[in-house]
Amino acid sequence: MSGWNLKDIPAGNLDKFIEDYLLPDTRFRRQVRQAIHIISTFLKERCFQDAPHPVRVSKVVKGGSSGKGTTLRGRSDADLVVFLSNLTSFEEQLDHRGTFIWEIKRQLEACQEEETFAVQFEVQSLRWERPRALSFVLRSPQLQEGVEFDVLPAFDVLGQWTNTYRPDPRVYIKLIQECQDLDLEGEFSTCFTELQRDFLRQRPTKVKSLIRLVKHWYQLCKEKLGKPLPPQYALELLTVYAWERGNKQTDFSTARGFQTVLVLVLNYRELCIYWTNYYDFENPIIKQYLRRQLNKSRPVILDPADPTGNVAGKDRYSWQRLAEEARVWLGYPCFTNRDGSQVVSWNVQVICGFPSAVLPPPPPHHVLCTVWRMLLENVLSKEVASCYQGPLVIQFQDTLHFLVILAPFRRAPGICLSLVQSSFFFFFNVYLFLRQRETEHEQGRVRERGRHRI
């Protein structure tokens with residue numbers, strides 16, 4: 001078995017494949033922890049001490065795969081989020097982010113010259129005046145290989161948060177209002193790194209192993225297809241969702257879990273997924289915002305820590321490309337049991353059940369039917385309208401009744417919207433048909449008048 005032929009590994013051997021080729025070894029994890037300790041200590045003790053801005057480092061949080069416990073073997077990278085005190089808003093973080101990153105870069109280079117650390121920093125050049133992150137490689141005689149870091153400054157909106165309680169709803173109200181004012185939804189997800197980290201880190205060991213397998217598959221797709229592809233974080237959350245809704249046991253079939261994730265990818269056009277671990281529908285402002293988010297075009301996968309972030313992205317073409325590759329993979333031996341039978345995925349709905357308060361109110365029948373009748377009477381002659389509007393209004397009422405019944409049953413406003421759109425095109429075609437009949441009727445009357453003249 002090797003990484004390049006995952007598709008040829010029988011379903012029953014996937015756990016062995018993960019253990020042998022995807023789990024980082026003890027030495028690797030120890031090296032990464034040591035590197036993170038070095039850079040975290042520097043950021044806390046040295047950074048911003050002499051900076052003109054009054055900010056100070058309140059805490060440094062390990063994010064990314066290292067923080068979540070889903071690192072792949074051989075991928076030595078880490079995200080460090082530097083939380084800054086004395087900031088009062090998300091907008092202030094946005095305005096001064098570039099300044100903070102330039103200051104961190106200056107301090108790193110100064111330490112390098114002073115030989116303060118027995119390590120070397122290979123800092124990447126900053127291409128923009130207001131960069132989003134600082135990337136560098138840390139090397140040390142104690143490390144067998146360099147460790148890549150991304151350092152991201154963030155507004156410390158949560159303060160000294162612990163996972164024993166939910167964030168105050170006012171935190172999310174402030175986030176929603178500022179994101180809407182700035183038109184930058186999802187821009188400040190780094191401020192909620194602790195929540196993102198704990199959301200995945202608390203999962204059972206085997207779930208994190210399944211996430212590693214899905215990430216490995218994603219990397220194989222990336223090597224083959226290139227960009228664009230959906231964000232990897234979306235696939236991680238999709239894996240958690242598949243396990244929560246399909247199994248939720250600490251011991252399960254890895255092949256079934258893997259297949260379920262790929263089936264969900266195939267159904268990307270209907271995905272609407274969210275969690276209520278850190279925010280919910282109790283507060284009216286948050287509820288109204290979530291309602292708008294969940295009624296957006298699919299796929300929708302809300303960040304469990306940041307309701308403004310749809311981690312599925314807006315590029316449906318990227319999902320289409322990944323779905324086409326997933327369809328091919330479902331025919332490979334990794335989804336075939338030892339007896340030759342095919343692996344059966346878990347029974348997982350592609351849409352979370354919406355609380356009843358989130359469902360949009362059904363359209364009133366009489367209003368829509370009145371509009372339809374007015375449309376007929378205005379665009380057609382009253383003679384033709386009187387002949388056809390009765391049956392059509394009845395058919396329109398039946399269609400609306402079907403939609404109203406379907407909406408709470410499927411709890412899928414997006415699907416209902418598609419049906420409404422289909423109904424619109426149906427009635428538009430009926431309208432064209434009626435116009436054609438009216439034209440034919442008018443032409444018949446002209447011919448009849450001509451015969452009478454003769």
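**Exercise 1.** Which residues form a positive surface patch?

*Solution.* Keep in mind that we're working with a predicted model. The patch is made up of Arg27, Arg29, Arg30 and Arg33. Next, place one of these: Arg33 sits in helix H2, which covers residues 26-45. Now check its exposure. Patch members need over 30% relative accessible area, and Arg33 has 48%, so it counts as partly exposed.

**Exercise 2.** Work out how Leu184 and its neighbour Asp183 are placed.

*Solution.* Start with the backbone: Asp183 isn't a glycine, yet its phi is positive, near 55°. Asp183 belongs to the loop between H5 and H6, and Leu184 is in that loop too. Then look at accessibility. Asp183 comes out at 65%, so it's exposed; Leu184 has 27%, so it's partly exposed. Finally, go through the contacts: leaving aside residues up to four places away in sequence, Leu184 touches Leu94 and Cys179. Gly309 is 125 residues from Leu184 in sequence, but their C-alpha atoms are 9.5 Å apart.

**Exercise 3.** How many of the nine residues in helix H6 are buried?

*Solution.* Take the helix as residues 193-201 and apply the cut-off for buried, under 20% relative accessible area. Eight of the nine pass, so H6 is mostly covered. Among the buried ones are the charged residues Glu194, Arg197 and Asp198.

**Exercise 4.** Find where the cis peptide bonds joining Lys227 to Pro228 and Arg298 to Pro299 lie.

*Solution.* For the Lys227 bond, omega is about 0°, and Pro228 is in the loop between helices H7 and H8. For the Arg298 bond, omega is also about 0°; Pro299 falls in the loop between helix H10 and strand S7.

Note on methods
Residues numbered from 1 in each chain as written. Predicted model: local features only at pLDDT ≥ 70, side-chain atom pairs only at ≥ 80, totals over all residues. Heavy atoms only, no water. Patch = residues over 30% accessible without salt bridge, like charges linked within 9 Å, V, L, I, M, F, W, Y side chains within 5 Å. Areas by Shrake-Rupley, 256 points an atom, 1.4 Å probe, with all protein chains shown as cover. Salt bridge = Lys/Arg side-chain N within 4 Å of Asp/Glu carboxyl O. Charge placed at Lys NZ, Arg CZ, Asp CG, Glu CD. Helix = DSSP H or I, 4+ residues; strand = E, 2+ residues; numbered from the N terminus. Buried < 20%, exposed > 50% of the residue type's maximum accessible area, 1.4 Å probe, protein only. Contact = heavy atoms within 4.5 Å.
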